[in-house]
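Here are a few exercises to work through with the sequence and the model side by side. Try each task yourself before you read its solution.

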Amino acid sequence: MNHFSTGMRRAIGLAVAGAAMMTASVAVAATTVNIWCWDTNFNGAAMREAAARYNKDHPDVTINIDVSMSQQDIRDKLQTQLLANNTQGLPDIVLIQDDVGQKYLQSFPGAFVPLGDSIDMSQFAQYKVAPATLDGKSYSLPFDSGVTGFFYRTDYLADAGYKDADLQGIDWDKLIEIGKAVKAKSGHNLFGLDLNGDGIIRIMMQSAGKWYFNTDGSLNILDNAPLKAALQTYAKLWQADIIKPVSGWTDFTGAFTSGDTVGTIDGVWMTGTVKSKPDQSGKWGVAPIPKLAGIDGATNYSSEGGSSWYVLSSAPAKDAAIDFLKTIWAGDKDFYQKILVGQGAFSAWMPAVDGDAYKSSDDFFGGQPVWKNFSDWQGKIPGIQYGIYTAEVDAAVVAQLPAIAKGGSVDDALKAINDQAQGQIQ
C-alpha cells in the first residue's frame, strides 16, 4: 500500500510537472510584441525585416506590426489613453517623431521604459539620442536619420562654372551667389519653397545648435541669434529671385524631379525621390548644406525629420520588446545594409556604417560615396532639445513667412512669433 501510494504520488508529481512545463511552453509561445508605426513602405517595411530576422532565432515570439494608423492618429490615441491612465490596447513598441518625444516624456512620467539601461546609447548618433533624454535617462532607440544634404544638378552648376568643390564648407550667402549665377546662365531657380512650411528654418537653426527654447524650457525667440539669422536668410533667398514658389508635397518634389530647379535641401530620406527619374542618372550630386553666416557655432550639418522606437512601461511583452530592439536594431549590421538598400532608411546606429552598402558609391550621383558622406556628416550634427512646444512655435513661425518673403521686418516677425507662441503655450 505504501509502495502504491509512493508510486501514485510520483506519477501525480510527474503529471503536475509535465502540465506545468506545457503551461510554460504555451506561455512562451504566446509571447506577442505589438508595434505601432506608420508608412507601410518605409517604417513598416523596415520593421517587418527586423521581425523576420529576430524570428529566425526566436520563433516563439510573434511580432505584430500595425501600420493602419497615420502618424497623427498614433499621436492622438497615445495621448488620449495616457491622459486617461488607460493603457489597455496600447502597443509594446511605438514609433514617435523625434521633435515630439519630450512632450510625451515630460507629460507622462514613467510611461516609457528608459532603454539606455539595457542598450548602449553611445553607439548611436548623439543628436538622435538627445531628444529622448530626460534627467540623464535615454528613452528611445533611434531609428532613421534625418541628416541633411544639398541635392543638386551637377550639369546646371557646371554650365555656370561651378563644381562640387565649390559647395564644400560654404555659407548661405555663398549659395545665394551661386544660385544667382546659375539662374542667370540657365534660367533655373535654386529650389522650391512652400510658404506653409518652415522646414528650411528648422534646418538652419539646428545647424547652429539652437532651438526655440532655453535649457530650462522657456521660450527663446527675441534674442535667438540663429533663429533671426535663419529668417534673414530666408528673406534673402526670396529677394534674390532664385526661389520657385510651390504648394504641397507633390508640387514641392516635382520642382526638382522635373528638372525645373537646381535641387533641394532635405533629409537623406529624400534620396529615393531624387532617384525616381532614372534618365537623370549621373546628373546629380550631394553636398553638405550651407552654414549660417556670422553665427557662433554654425556648422554645415543638420537634420530634418527622423523618428525613434519607444517601449511602454505598461507593455505586457516589455522584456521581449527590449530584447528584440537590442538584438536587431542595436546589434545587426546586415539588417541596416538591407533596409538602406531596400527602403533608403539611413541608420543612426553608427556601427552599421562600416557595412558594404554604406561604403558603396552611387552612379546616379556621379560615383559619389553618398552614404559614406551622409554618415560622416551625421556625426557632426549639433544636438538640441526640442522641448514640448515645438509644434506650437512652428505654427507661429509659419504664420510670419509670407510677410518675410515679401521683405517684411524680421524684428517685427520675431515679436509676432514670440507673442503668438506665448499665447499658445501658457
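**Exercise 1: a covered helix**

Helix 8 (residues 199-207) is mostly covered, with eight of its nine residues buried. Here, buried means under 20% relative accessible area, exposed over 50% and partly exposed in between (1.4 Å probe, protein chains only). Helices (H or I, at least four residues) and strands (E, at least two) are DSSP runs, numbered from the N terminus. This is a predicted model, in which local features need pLDDT of at least 70, side-chain atom pairs count only at pLDDT 80 or more, and totals for chains, interfaces and linings use all residues. Residues are numbered from 1 along each chain as its sequence is written, and side-chain values use heavy atoms, leaving out hydrogens and water.

*Task.* List the buried residues of helix 8, then find which residue just after the helix takes a positive phi.

*Solution.*
1. The buried residues of helix 8 are Ile 200, Ile 201, Arg 202, Ile 203, Met 204, Met 205, Gln 206 and Ser 207.
2. Move on past the end of helix 8: Gly 209 has a positive phi of about 75 degrees.

**Exercise 2: an aspartate in a loop**

*Task.* Locate Asp 98, and decide why it counts as buried or not.

*Solution.*
1. Asp 98 lies in the loop between strand 3 (93-97) and helix 4 (101-107).
2. Asp 98 counts as buried because its relative accessibility is 6%.
3. Now look at its side chain, which makes a polar contact with the side chain of Lys 128 at 2.6 Å. (A polar contact is a pair of N or O atoms within 3.5 Å; within protein, one must be able to donate a hydrogen and the other to accept it, and residues adjacent in sequence count only if both atoms are side-chain atoms.)

**Exercise 3: two strands**

*Task.* How do strand 7 (residues 148-153) and strand 10 run, parallel or antiparallel?

*Solution.*
1. Strand 10 covers residues 263-267, and five of its five residues are buried.
2. Strands 7 and 10 run antiparallel, joined by five bridges. (Two strands pair if DSSP finds at least two bridges between them.)
3. To see one bridge, find Tyr 152, whose partner in strand 10 is Gly 263.

**Exercise 4: back to helix 8**

*Task.* Which helix gives the most to the lining of the largest pocket?

*Solution.*
1. Among the elements that each supply at least two lining residues are helix 3 (71-83), helix 8 and strand 10.
2. Helix 8 gives the most, with five residues.
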